[in-house]
Amino acid sequence: MTLTLIDRTRRADADPDKNVDKGVADPGAVPEPQESPDSAPRRPLGREADGLAVASFVLGLVGLLVFNIVLGPMAIVMALLALTRRTRRRGRAFLGLALGVADLVVLAALVTANGTVAWSIGG
């Protein structure tokens with residue numbers, strides 16, 4: 001809206017021969033949606049995807065130590081969602097994906113070695 005109004009004002013100032021009534025709406029203009037007072041402000045989709053990439057990285061990293069049976073798949077899903085939504089933090093999303101897979105590999109190694117899904121420190 002702001003850019004449109006500024007652009008119209010510049011055009012009106014540049015061409016003084018035209019009779020432009022600032023109170024009359026442009027018939028070809030797209031009407032702007034009215035915001036209701038109880039509507040929440042919309043966030044850009046890119047920020048949400050960036051948050052998913054960071055969350056997948058953190059969950060994958062924490063999942064190497066605890067709850068790898070839960071946090072590994074969650075990190076994989078969040079990383080794939082972030083990549084699908086075209087995050088600007090692609091490296092972090094790929095790291096989250098790799099760490100999520102590593103969580104599942106650690107889980108498989110623990111089940112194979114101990115027959116349990118818990119760490120056995122000290123013997």
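Here are some exercises with worked solutions on the predicted model shown above.

**Exercise 1. Get the overall layout.**
Work out how many helices and strands the chain has, and what share of its residues is buried.

*Solution.*
Step 1: Count the elements. You should find 4 helices and 0 strands.
Step 2: Read along the sequence, and the pattern comes out as α-α-α-α.
Step 3: Turn to burial. Of the 123 residues in the chain, 20% are buried.
Step 4: Look at the outside. The accessible surface of the chain is about 9500 Å², and carbon and sulfur atoms account for 62% of that.
Step 5: Check how far along the sequence the contacts reach. Take the contacts between residues at least 6 apart in sequence: 61% of them join residues at least 24 apart.

**Exercise 2. Check the span of helix 3, then find its buried side.**
What span should helix 3 have at 1.5 Å a residue, and which of its residues are buried?

*Solution.*
Step 1: Helix 3 covers residues 68-84, which makes 17 residues. The expected span is 1.5 Å times one less than the number of residues, so these 17 residues should span 24 Å.
Step 2: Compare that with the model. The end C-alpha atoms of helix 3 are 24 Å apart, which agrees.
Step 3: Now pick out the buried residues of helix 3: Asn68, Leu71, Gly72, Ala75, Ile76, Ala79, Ala82 and Leu83.
Step 4: Ask where they sit around the axis. Their arc is only 135°, so they lie on the same side of helix 3.
Step 5: Flip to the face turned away from that buried side, and you'll meet the exposed residues Ile69 and Thr84.

**Exercise 3. Zoom in on Leu71.**
Is Leu71 buried or exposed, and which residues does Leu71 touch beyond four places away in sequence?

*Solution.*
Step 1: Place the residue: Leu71 is in helix 3.
Step 2: Apply the cut-off. Buried means under 20% relative accessible area, and Leu71 has 12%, so Leu71 is buried.
Step 3: List the neighbours, leaving out residues up to four places away in sequence. Leu71 touches Leu59, Val62, Gly63, Val66 and Asp103.
Step 4: One of those neighbours, Asp103, is also among the buried residues of helix 4.
Step 5: For a distance, try Val58. Val58 and Leu71 are 13 residues apart along the chain, and their C-alpha atoms are 9.5 Å apart.

**Exercise 4. Follow Thr87 to its partners.**
Where is Thr87, and which side chain does the side chain of Thr87 join in a polar contact?

*Solution.*
Step 1: Thr87 is in the loop between helix 3 and helix 4 (90-114).
Step 2: With a relative accessible area of 6%, Thr87 counts as buried.
Step 3: Look for the polar partner. The side chains of Thr87 and Asp50 are joined by a polar contact of 2.5 Å.
Step 4: There's a backbone partner too: the side chain of Thr87 reaches the backbone nitrogen of Arg89 at 3.1 Å.
Step 5: Not counting residues up to four places away in sequence, Thr87 touches Ala49, Asp50, Ala53, Ala82 and Ala93.

**Exercise 5. Find the largest nonpolar core.**
Which residues make up the largest nonpolar core, and which elements give two or more residues to this core?

*Solution.*
Step 1: Start with the general idea: in soluble globular proteins, nonpolar side chains tend to be buried together.
Step 2: In this chain the largest nonpolar core has 5 residues, namely Leu52, Ala53, Ala82, Leu83 and Ala93.
Step 3: Sort them by element. Helix 2 (45-63) and helix 3 are the ones that give two or more residues.
Step 4: Follow one member outward. Leaving aside residues up to four places away in sequence, Leu83 touches Arg90, Ala93 and Phe94.

**Exercise 6. Look for positive phi angles.**
What phi do Phe67 and Arg86 have, and are they buried or exposed?

*Solution.*
Step 1: Recall the background: most residues other than glycine have a negative phi.
Step 2: Phe67 isn't a glycine, yet its phi is positive, about 50°. Phe67 sits in the loop between helix 2 and helix 3 and is exposed, with a relative accessible area of 62%.
Step 3: Arg86 isn't a glycine either, and its phi is positive, about 60°. Arg86 comes just after helix 3 and is exposed, at 70% relative accessible area.
Step 4: Finish with a glycine. Gly115 follows helix 4 and has a positive phi near 75°.

Conventions: Residues numbered from 1 in each chain as written. Predicted model: local features only at pLDDT ≥ 70, side-chain atom pairs only at ≥ 80, totals over all residues. Heavy atoms only, no water. Buried < 20%, exposed > 50% of the residue type's maximum accessible area, 1.4 Å probe, protein only. Arc of directions from axis to C-beta. Polar contact = N/O pair within 3.5 Å; in protein donor to acceptor, adjacent residues only side chain to side chain. Contact = heavy atoms within 4.5 Å. Core = buried A, V, L, I, M, F, W, Y, C linked by side-chain atoms within 4.5 Å. Areas by Shrake-Rupley, 256 points an atom, 1.4 Å probe, with all protein chains shown as cover.
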